[in-house]
Amino acid sequence: MLERQNKKLSILYEIALTVGKSLNLKTILDEVLEKVIAFMGVDAGVIYVIDENTMEMVPVSFRNLTEAVVRDLCENRVKVGECMCGSIAQCDKEVIILEKAFLDPRFTRGVLRQENMEFYAGLPLKARNKVVGVLCVITHAPYTPDRELLDILRAATQPIGLAIENARMFELTRNEADARMRYSDFAGIITGSPKMASVLNLVRKIADVPSSILIYGESGTGKELIARSIHFSSIRKDRPFIAVNCAALNENLLESELFGYVKGAFTGAASDRMGLFEAADKGTLFLDEVDAMSKNLQVKLLRVLQDGTFFPVGSVRPV
């Protein structure tokens, strides 16, 4: 009994040391995944990290998967709520399948069924009470893990989730510092065009205006560049700048991302969650491709722009 306990603590200590070595997310997750595969005695695994802008499940680290599976995971990313890993992320619930996992209908991607998974374990990775990724391990042969191994795997998700969040925070801080240098006083915009010079003269005048600003133009003309420059040249520069691509999310997901939701609002809403409008308070929320929103959601957006209040999904109390 004591030997098992020491082994458990030793494995968790090794993982904790690994996640503290670097702030390079891929380096950390590659090392962690190798350790997880080794102590579990499984054949392969993958660690997904959720892209908060697109809500895609990004396979940052993977080991011993077939070339076809790797290509499919990287080129055809699923989103939160889709396929098995997306469902785990959305519902914040682990899934353990002890045999014939490839027959489970929750695997909606044909290439995964061709992988002939026998055993499957998928666990949410959390930080600050929010799912930030998913850890999956599989075997191709019959496999029965004992309870100790599964307990170690569950415990390991905590430092892995924190490592993802810490790496994100570091990247965000670095990007913000870089943005201050690049966008302050529009230093990052280089142009010889009289029309563009006229645009810059206008945005300099409105940088500190508290009302909403509509930036329009063809794709690739630098709308987000202008938005960032306005933000980092304004009195809001020390507050958050949050960008969201409205075309990348379906209506229900986009609504919950923008306005947040309350516990019990829908299946998987285990706790209250702040939306992007609230997160960007006193800063800037840049809504890219806003015309891609449904008419229903545009009506709700109009209310926020008009009076500065909104209702989180499932709530009857305005924020």
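**Entry 1: a hairpin**

I began with strands S1 and S2, which form a hairpin with six residues between them, and in that turn I noted Met55, whose phi is positive at about 60 degrees. I should record at once that I am working from a predicted model. S1 covers residues 44–50 and runs antiparallel to S2, with six bridges joining the two strands. As one example of how they face each other, I found Gly45 standing opposite Arg63 in S2.

I then asked myself how many of the residues of S2 are buried. Five of the seven residues in this strand, which spans residues 57–63, turn out to be buried, so S2 is largely enclosed by the rest of the structure. I also looked up Phe62, and there I saw that Lys26 lies over the face of the ring, at 5.8 Å from the ring centre.

**Entry 2: the whole protein**

Next I stepped back to the whole chain, and I counted eleven helices and seven strands in the protein. Taken along the principal axes, the C-alpha atoms fill a box of roughly 70 × 40 × 40 Å. The protein has 319 residues, of which 43% count as buried. I also looked at contacts with a separation of 6 or more, and 59% of them are accounted for by residues 24 or more positions apart.

**Entry 3: aromatic rings**

I turned to the rings and found seven aromatic pairs in the structure. One of them joins Phe107 and Tyr120, which meet edge-to-face, with 5.0 Å from centre to centre and 85 degrees between the planes. This pair links distant parts of the chain, since Phe107 is in the loop between strand S3 (95–97) and helix H5 (110–113), whereas Tyr120 is in strand S4 (residues 119–127), 13 residues apart. Are these two residues buried or exposed? I found Phe107 buried, with a relative accessible area of 2%, and Tyr120 buried as well, with a relative accessible area of 3%.

I then looked up Phe259 and Phe277, whose ring centres are 5.7 Å apart and whose planes are at 10 degrees, so this pair is stacked. Here too the pair links distant parts of the chain, with Phe259 in helix H9 (residues 251–259) and Phe277 in helix H10 (residues 276–279), 18 residues apart. Both Phe259 and Phe277 are buried. Finally, I noted that ring pairs link Phe232, Phe241 and Phe286 into a cluster.

**Entry 4: a cavity and a pocket**

I searched the whole structure for cavities of 30 Å³ or more, and the search finds one. About 150 Å³ of space lies in the largest cavity, and 15 residues line it, of which Val46, Tyr48, Leu112, Tyr120 and Cys136 are the closest to its centre. Tyr120 was already in my notes as the partner of Phe107 in an aromatic pair. I asked which element supplies the largest share of the lining of the largest cavity. It is S1, with three residues, while the elements that each supply at least two residues are S1, helix H3 (67–75), helix H4 (83–91) and strand S5 (130–139).

I went on to the second largest pocket, which holds about 1,200 Å³ of space. This pocket is lined by 36 residues, and those nearest its centre are Ser212, Ile213, Thr284, Leu285 and Leu305. Two or more lining residues come from each of helix H8 (223–232), H10, strand S7 (284–288) and helix H11 (295–307). S7 gives the most to the lining, with five residues.

**Entry 5: two loop residues**

I closed with two residues in loops. Glu118 is found in the loop between H5 and S4, and I wanted to know why it counts as buried. Its relative accessibility is 12%, and the cut-off for buried is under 20%, so the label follows. Leaving aside neighbours within four places in sequence, I found Glu118 in contact with ten residues' worth of entries in my list, including Ile97, Phe102, Thr139 and Pro142. By contrast, Pro194, which is 76 residues from Glu118 along the chain, is separated from it by 64 Å between C-alpha atoms.

Gly268 lies in the loop between H9 and H10, and I found it partly exposed, with a relative accessible area of 24%. Gly268 and Asp92 are 176 residues apart in sequence, and yet their C-alpha atoms are 6.7 Å apart in space. Neighbours within four places aside, Gly268 is in contact with Gln90 and Cys91.

Definitions and conventions: Residues numbered from 1 in each chain as written. Predicted model: local features only at pLDDT ≥ 70, side-chain atom pairs only at ≥ 80, totals over all residues. Heavy atoms only, no water. Phe/Tyr/Trp six-rings, centres within 6.5 Å; stacked < 30°, edge-to-face > 60°. Helix = DSSP H or I, 4+ residues; strand = E, 2+ residues; numbered from the N terminus. Buried < 20%, exposed > 50% of the residue type's maximum accessible area, 1.4 Å probe, protein only. Lys NZ or Arg CZ within 6 Å of the ring centre and 35° of its normal. Pairing = 2+ DSSP bridges. Contact = heavy atoms within 4.5 Å. 1 Å grid on protein atoms, 1.4 Å probe; cavity = no way out; pocket = protein on both sides within 12 Å on 5 of 7 lines; lining within 4 Å. Points joined across faces, edges and corners; volume = space filled by probe spheres on them.
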